[in-house]
Amino acid sequence: MTTYTRKSKAAIARSVAGDIFDGAYVNLGIGQPTEVANYIPADREVIFHSENGLLGMGPAPQPEDADYDLINAGKLPVTLLNGGAYFHHADSFAMMRGGHLDICVLGAFQVAVNGDLANWSTGEPGAIPAVGGAMDLATGARQTWIMMDLLAKNGRPKLVGACSYPLTGLGCVKRIYSDHGTFDLKDGKIVVRDLAEGLDLATLEGLLGLPVGAA
């Protein structure tokens, strides 16, 4: 049996940050994606957007500097860089829906090989609907990237042939950053950009039950 070391959440966030180009307008979803802002290279300008009406967010503040009147969509305190702004919720959604974001980074319950995204409900009875702005982001941003653990807590893969959960967006996901590696989705195929230490393609295919290919 192949032994491998899964990537840490910090390592995943660092990978995402390293792939964001200089001058990009980026939305970070709730959960893991919020960590990306802490790893942007010092020589790169990235303008972070939050759907509750912020543009120009910086890294998370030190606990003693937290201002809970200045929070992101996940209700976490943030900093505002020089030139940053806050504004009406409707203006924020106009940015999202109008194609003004270069990249959005979201979490996911499932992603299909054709780029379909399910990240707002598992369809369990009694679950509270919580789609929020995910649909607007997934379809409005020029690129949708996903940060997630590749396997769910029950061991089932979250990268699947077809989503069984309610969909957020159709064919919108271009790239997945996970604890097992980084993958592009191209023409209904999984293309491996990098793998966790010790993991090989054959083992990955066994975990997913899907064919994968090297870049």
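So, Tyr177: buried or exposed? It's buried, with a relative accessible area of 1%. One caveat before I go on: this is a predicted model.

Who does Tyr177 pair up with, ring to ring? That would be Trp145. The two form a tilted aromatic pair, 5.5 Å centre to centre, with 50° between the planes. They come from distant parts of the chain: Trp145 sits in strand S8 and Tyr177 in strand S10, 32 residues apart. Trp145 counts as buried too, because its relative accessibility is 2%, and the cut-off for buried is under 20%.

Okay, let's stay with S10. In that strand, 5 of the 6 residues are buried, so the rest of the structure largely encloses it. On the pairing, S8 and S10 run parallel and are joined by 5 bridges. If you want a spot to click on, Thr144 stands opposite Val173 in S10. S10 also pairs with S11, this time in the antiparallel sense, over 3 bridges. How many residues lie between S10 and S11 in their hairpin? There are 2. And here's Tyr177 again: its bridge partner in S11 is Thr182.

Next, helix H1, residues 9-19. The buried residues there are Ile12, Ala13, Val16 and Ala17. Why do they end up on the same side of H1? Because they cover an arc of only 135° around the axis. What covers them includes strand S5 (103-106), strand S8 (143-148) and strand S10 (173-178). So S8 and S10, the strands with our Trp145 and Tyr177, turn up here as part of the cover over H1.

Now for the other aromatic pair; the count comes to 2. Phe109 and Tyr165 have ring centres 6.3 Å apart and planes at 90°, so this one is edge-to-face. Again it links distant parts of the chain, here from loop to loop: Phe109 is between S5 and S6, Tyr165 is between S9 and S10, and they're 56 residues apart. On exposure, Phe109 counts as partly exposed at 34% relative accessibility. Tyr165 gets that label as well, at 28%.

Those loops bring us to S6 and S9, which belong to an open sheet of 3 strands. The order is S7-S6-S9, and the pairing is mixed. Which strands are at the edges? Strand S7 (117-118) and S9, each pairing on one side only. S6, residues 110-112, runs parallel to S9, with 2 bridges joining them. Val111 is the residue standing opposite Leu159 in S9.

Last stop, helix H4, residues 201-208. Its buried residues are Thr203, Leu204 and Leu208. They share one side of H4, because the arc they cover around the axis is only 130°. Ala202 and Gly206 are exposed, on the face turned away from that buried side. And what covers the buried residues? The list includes strand S9 (159-160), strand S11 (181-186), strand S12 (189-195) and strand S13 (212-214). So S9 from the open sheet and S11 from the hairpin both come back here as cover for H4.

Two details at the ends of H4. At the N-terminal end, Asp200 is the cap, with a side-chain oxygen 3.3 Å from the backbone nitrogen of Ala202. Just after the helix, Gly209 takes a positive phi of about 70°.

That's the tour, thanks.

Key. Residues numbered from 1 in each chain as written. Predicted model: local features only at pLDDT ≥ 70, side-chain atom pairs only at ≥ 80, totals over all residues. Heavy atoms only, no water. Buried < 20%, exposed > 50% of the residue type's maximum accessible area, 1.4 Å probe, protein only. Helix = DSSP H or I, 4+ residues; strand = E, 2+ residues; numbered from the N terminus. Arc of directions from axis to C-beta. Contact = heavy atoms within 4.5 Å. Polar contact = N/O pair within 3.5 Å; in protein donor to acceptor, adjacent residues only side chain to side chain. Pairing = 2+ DSSP bridges. Phe/Tyr/Trp six-rings, centres within 6.5 Å; stacked < 30°, edge-to-face > 60°.
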